[in-house]
Amino acid sequence: MNQSPSPYSRILVTGAAGQLGRDICRQLNIRLPEVEVVAASRKELDLTSEREIHEVISTLQPGMVINCAAYTAVDAAEDHLADAELINTKAPGWIGSACRKIGARVIHISTDYVFEGNAPSPRTENDETAPLNIYGKTKLAGEQELLRAQPESLILRSSWLYAAHGHNFVQTMLRLGREKDSLRVVDDQISSPTYTLDLANAIISILTTENWTSGIFHFSNAGETSWCRFAMEIMRFSELDCKIIPTTTKEFGAKASRPLYSKLDCTKLKRVFHIESRHWQEALVECLAEIKKKDLNHG
Ligand SMILES: NC(=O)c1ccc[n+]([C@@H]2O[C@H](COP(=O)([O-])OP(=O)(O)OC[C@H]3O[C@@H](n4cnc5c(N)ncnc54)[C@H](OP(=O)(O)O)[C@@H]3O)[C@@H](O)[C@H]2O)c1
C-alpha cells in the first residue's frame, strides 16, 4: 500500500460517538499522531442545524471532514421520514457546501441498502440503485446532495457494520445467546458483515494515499453470509449454547423491507487505493476477542 503521512493537519469527525466514529477517532490517534482529530458527537455538532454545521466548519478550518453520523435505525426510519431525511440527506449536503467554501474534502459513509438486492452478483459502484426502504432512500439522496455540494468528496458504501462497542447485531446475539436456548434468525438476506475497525483503517489508508480520488467506492469485509449463518458463527466462536433456527424475511416480518442480496463488489477500491479486506470470519474472531477483553476488564 502506497501510504504517506496525512496531508491534513486537522480532521473533523462527525458522529464521533457512534460505532464507526469511535473506531475512526481511535485509529486516527494511533496511526496519525501528527494529526489534530476533532471528535464531534451530536453534543458538539448537531447535524440538524445548517447554521451550526457552517459555523463549526468555518471556525475549525479542517482539511478533511469524515462524516460518520447518520439516522441508522432502519425500521424506525419508516415512521420518521423527516428526521431520517434531515440527517441522512440534508446534513451531507450542508457539510459538503461548508467544506467547499474552505477547500476541505469530505469522506462520507453510505450503505448497501441503496440497492434493491434482486441481482445475483456483488454490486459495483456503477450498478443501478433502487433502495427499498426510507433509510436507503435517504442515504442515496445524501450521496447525491454531497457530491453536488462538494464534488471533491469520497463516498464509501459499506454493509452490516458491527463493533466491539455500541448497539449492533453481534452485541445483540451475545446478549440473547446468554439468555435464550434458541433464536430464530433470518436466513434469506445475504451480504458481508463488516467490522468497523477494518472500515476505519480503510478510511485512514484512503486519506493518506498520495493521489486523492473522489467519487463512490465500496468497502466491506470479504466473503458473504446470511444473518442466520452470521449468528451461528457468533455462537460457535463464543461457545454459547444457543440453537440458531433459520427463518425467512417474510416470517420475521420487520417493518422496513430489506435487500435480499446486497453484497458489495470492492474491486474498485482495490484497483484505485490498493486496499484489500480480510474475510468477515477473521474480523469477527478479532472483534469477539476484543469484547471478551473488555468484559474481563470490567469484571
Ligand atoms: N450500522 C450498519 O449496519 C451500517 C451499514 C452500512 C452503512 N452504515 C453507515 O455507516 C455510518 C456509520 O454507522 P454506525 O453503524 O457507526 O452508526 P451509529 O453507531 O448509529 O452512529 C451514528 C451516530 O450518528 C449520530 N447522530 C445521529 N443524529 C445526529 C445528529 N442530528 N447530529 C449529530 N450526530 C447525530 C448518532 O448520535 P446519537 O448516538 O446521539 O444518536 C450516532 O452516534 C453511517 O453513515 C451509516 O449509515 C451503517
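Contact, as used in these legends, means heavy atoms within 4.5 Å. The model shown is predicted.

**Figure 1. Packing of helix α8.** Helix α8 spans residues 227-237. Its buried residues are Trp227, Cys228, Phe230, Ala231, Glu233, Ile234 and Met235. The buried residues of this helix pack against two helices, α6 and α11, and against the strands β6 (161-162), β7, β11 (225-226) and β12 (243-247). After α8 comes Glu239, which has a positive phi near 55°.

**Figure 2. The largest nonpolar core.** In soluble globular proteins, nonpolar side chains tend to be buried together. The largest nonpolar core of this model holds 35 residues, of which Val170, Met173, Val185, Phe230 and Ile234 touch the most other members. At least two residues of this core come from each of α3 (74-77), α4 (81-102), α5, α6 (169-179), β7 (182-186), α8 and α11 (280-297). A separate core of 31 residues lies apart from it, and includes Ala202, Ile203, Phe219 and Phe273.

**Figure 3. Surroundings of Val185.** Val185 is one of the residues that touch the most other members of the largest nonpolar core. With neighbours within four places in sequence left aside, Val185 is in contact with Phe169 and Met173, with Trp227, Cys228 and Ala231, and with Ile244, Ile245, Pro246 and Thr247. Among these partners, Trp227, Cys228 and Ala231 are buried residues of α8.

**Figure 4. The ligand and its shell.** The ligand is surrounded by 23 residues, and those that come nearest are Leu20, Arg42, Thr72, Tyr135 and Lys139. By class, twelve residues of the shell are nonpolar, eight are polar and three are charged. Helix α1 (19-31), strand β4 (105-111) and helix α5 (134-149) each contribute at least two residues to the shell. Strand β4 gives the most, with three residues.

**Figure 5. Polar atoms beside the ligand.** An N or O atom in the side chain of Tyr135 is 2.6 Å from an oxygen atom of the ligand. The side chain of Thr72 places a polar atom 2.7 Å from a ligand oxygen atom. For Leu161, a polar backbone atom is 3.0 Å from an oxygen atom of the ligand. On its own, the ligand has 900 Å² of accessible area, of which the protein covers 81%.

**Figure 6. Ser192 and its partner Lys263.** Ser192 occupies the loop between β8 (190-191) and β9 (194-195). Ser192 counts as buried because its relative accessibility is 0%, and the cut-off for buried is under 20%. The side chains of Ser192 and Lys263 are joined by a polar contact of 3.0 Å. Beyond four places in sequence, the residues in contact with Ser192 are Ser159, Trp160, Ser220, Asn221, Gly223, Glu224 and Lys263.

**Figure 7. Trp160, a contact of Ser192.** Trp160 is among the residues in contact with Ser192. Trp160 lies in the loop that runs between β5 (153-158) and β6. Its phi is near 45°, a positive value in a residue other than glycine. With a relative accessibility of 8%, Trp160 counts as buried.

**Figure 8. Asp198 in helix α7.** Helix α7 covers residues 196-207 and contains Asp198. Asp198 counts as buried because its relative accessibility is 10%. Residues up to four places away in sequence not being counted, Asp198 touches Phe219, Asn221, Arg278 and Ala283. Of these, Phe219 belongs to the core of 31 residues, and Asn221 is also in contact with Ser192.

**Figure 9. Two partly exposed residues, Gln61 and Lys270.** Gln61 is found in the loop between α2 (50-60) and β3 (64-67). Its phi is positive, near 50°, in a residue other than glycine. Gln61 is partly exposed, because its relative accessible area is 45%. Lys270 lies in helix α10, residues 267-273. A relative accessible area of 42% makes Lys270 partly exposed. Apart from residues up to four places away in sequence, Lys270 touches Ile275 and Glu276. Lys270 and Glu145 are 125 residues apart along the chain, and a distance of 26 Å separates their C-alpha atoms.

Note on methods: Residues numbered from 1 in each chain as written. Predicted model: local features only at pLDDT ≥ 70, side-chain atom pairs only at ≥ 80, totals over all residues. Heavy atoms only, no water. Near = heavy atom within 4 Å. Polar contact = N/O pair within 3.5 Å; in protein donor to acceptor, adjacent residues only side chain to side chain. Areas by Shrake-Rupley, 256 points an atom, 1.4 Å probe, with all protein chains shown as cover. Helix = DSSP H or I, 4+ residues; strand = E, 2+ residues; numbered from the N terminus. Nonpolar A, V, L, I, M, F, W, Y, C, P; charged D, E, K, R; others polar. Core = buried A, V, L, I, M, F, W, Y, C linked by side-chain atoms within 4.5 Å. Buried < 20%, exposed > 50% of the residue type's maximum accessible area, 1.4 Å probe, protein only.
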